[in-house]
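Dear colleague,

Please find the structure below, together with its sequence. A summary of what was found in it follows.

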Amino acid sequence: MASGRVLVVDDEPAMLENCQRLLSRAGYSCQTLAEPARFRDVLAETQPEVLLLDLRMPGADGFTLLAAALADDPALAVIVITAYASVASAVRAMREGAFDYLAKPFTADQLALAVERAARYRGLTLENRALRDQVARGGDFEGMIGSSPAMIRLFEQLRKVAPTDANVLISGESGTGKELIALCLHANSARRSGPFMPVDCAALPEGLLESELFGYDRGAFTGAVARKDGLLVEAQHGTVFLDEFTELGTRMQSKLLRALEQRQVRRLGSSMLLDLDIRLVAATNTDVEAAVAAGGFRQDLYYRLNVVHLRVPPLRARGGDVILLARRFLEHFAGLQGKPAPRVLPEVWEALEHYPWPGNVRELKNLAQRLVVLDEDGRVTRADLPESLRDPPGGAAAAAPGAPPADYEAGRTQALHAFRARYLRELLELHGGNVSSAARAAGVSRRTLHRWLAELRERDGGTAP
């Protein structure tokens, strides 16, 4: 049953009586007012969450009362009601802040639905306001931390899009936290009570991925001894997160597009269509626009996924966030070890701030864990840092005695290439040359790792690992 406080303002006693009876029966605490002169006082006394306001009453202008109500409580959800329905009045009411518009006479179902939607809207508005206040303080929410301008912009975008049902495309380099952002979208949406279903599109062969996503009936293929609902159906009323969605083959792209367009899905081996009620969030660390232009990804599916595009900045573009994140990670891992976080010397902070962080937040988090695990004296000095941070490629030591790179981008590219070459060499040695095992440890797909190796071999004339 619904709940919440509703105030109905109208000069018709029968309208007030019917609204109070219907809304009280639905579970709302409903107050009525027939005298507009007492409007501000009654509004302050009842503090409603939803206001039903007649536009035309003797001695009162509904638009004036609307402005006064929103001035007192900007989050108030106002439903304007009138017997003099017109497109012009509806447009004006919505423009001046009304949430919804009902023309008399309306049915009990129309009233109940409008009030339910308005109450839900107010709840989301208040949650968004709290979220915005956290962002303004440079804090964190849903595990995300940041006070840099780039992250504040991202938080503001999240605040706007999370309560909606729009599909979202998240792009960013590996290790920037794309799945964390998907979780934030889910946790701040009306689907938060439903499941969050992550799917790594690069981890499974296309045939297996198809059966995992769409499900199958018994006997659909060899080994299908029982019916299985796919992940899309299991995520009903929730959110599906497709990680590295550009790894989908053309057949899977076609099937996914049809499912999204028809809002229905069919299990392998079945003729029955099942209704689909999900929100889709997709992520990639590649240039999806380039993939579409090259014909490797369907343009129509790209447009279906890319209703809202969130671009996650790399750590090197988040000025000031490195220290903020490092402190939080050190405290977290020290807490797990049951000891205080080590004291970090200024020389270490300087090294962290000047490092290009090709592995982004994931690399910083792994470093923090290493520093805590190896800490013996309660402090972190420059000598405790890995060699790549003490003397990063392209840094002062590497550049001397010659001139530095021509510009910042050239220097960053040089540093990233040197780091990636060393990182991949050490990673493959650690895993005995097993690319699959190395890719899992690096947190990337096999295809991504092969691409990195090919790029390095091409640049180094075949000498890279």
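I begin with one pair of strands, β11 and β14, which run parallel to each other and are joined by 5 bridges. Strands here are DSSP runs of E with at least two residues, helices are runs of H or I with at least four residues, and both are numbered from the N terminus. Two strands are taken to pair if DSSP finds at least two bridges between them. Within this pair, Met197 has Val240 of β14 as its bridge partner.

Two points on the source should be stated at once. The model is predicted: local features need pLDDT of at least 70, side-chain atom pairs count only at pLDDT 80 or more, and totals for chains, interfaces and linings use all residues. Residues are numbered from 1 along each chain as its sequence is written, and side-chain values use heavy atoms, with hydrogens and water left out.

The sheet containing β11 and β14

Both strands belong to an open sheet of 5 strands, ordered β11-β14-β17-β10-β18, with parallel pairing. Its edges are β11 (196–200) and β18 (308–311), each of which pairs on one side only. From one strand to the next, the twist averages 20°; axes are lines fitted to C-alpha atoms, for helices over the stretch in contact, and angles run from 0 to 180 degrees between N-to-C directions.

Helix α6 (residues 149–161) lies across β10 (168–171), β17 (279–284) and β18, and runs at about 155° to β18. Contact in this message means heavy atoms within 4.5 Å. The pair α6 and α7 also deserves a description. Two packed helices are described by the angle between their axes and the distance between the axes. The axes of α6 and α7 come within 9 Å and cross at roughly 35°. The crossing is right-handed, that is, the near helix is turned clockwise from the far one by less than a right angle, whereas an anticlockwise turn would be left-handed. On the α6 side the contact involves Leu154, Leu158 and Val161, which meet Ile181, Cys184 and Leu185 of α7. By class, the contact comprises 6 nonpolar, no polar and no charged residues; Ala, Val, Leu, Ile, Met, Phe, Trp, Tyr, Cys and Pro count as nonpolar, Asp, Glu, Lys and Arg as charged, and the others, Gly among them, as polar.

A further sheet

Another open sheet of 5 strands has the order β2-β1-β3-β6-β7, again with parallel pairing. Since β2 (29–33) and β7 (100–103) stand at the edges with a single partner strand each, one side of each is left without a neighbour in the sheet. Neighbouring strands are turned by 20° against each other on average, direction ignored. Strand β6 (residues 77–82) pairs with β7 in the parallel sense over 4 bridges, and Ile79 has Asp100 of β7 as its bridge partner.

Helix α1 (residues 13–25) lies across β1 (5–9) and β2, at about 170° to β2. Helix α3 (residues 62–72) lies across β3 (50–54) and β6, at about 160° to β3.

Cavity and pocket

Rolling a probe the size of a water molecule over the atoms shows where empty space is left. On a 1 Å grid over the protein atoms alone, a cavity is a set of points where a 1.4 Å probe fits but cannot get out, and a pocket is an open set with protein on both sides within 12 Å along at least five of seven lines; lining residues have an atom within 4 Å of a point. Grid points are joined across faces, edges and corners, and a volume is the space filled by probe spheres set on the points.

The whole structure yields 1 cavity of 30 Å³ or more. The largest cavity has a volume of about 50 Å³, and its lining has 10 nonpolar, no polar and no charged residues. α13 (321–337), α14 (346–354) and α15 (360–374) each supply at least two lining residues, with α15 giving the most, 4 residues.

The second largest pocket has a volume of about 880 Å³. It is lined by 36 residues, of which Gly175, Gly177, Glu179, Arg362 and Gly443 lie nearest its centre. The lining of this pocket has 14 nonpolar, 11 polar and 11 charged residues.

Backbone details

A cis peptide bond joins Lys104 and Pro105, with omega about -5°; Pro105 is found in the loop between β7 and α5 (108–136).

Yours sincerely
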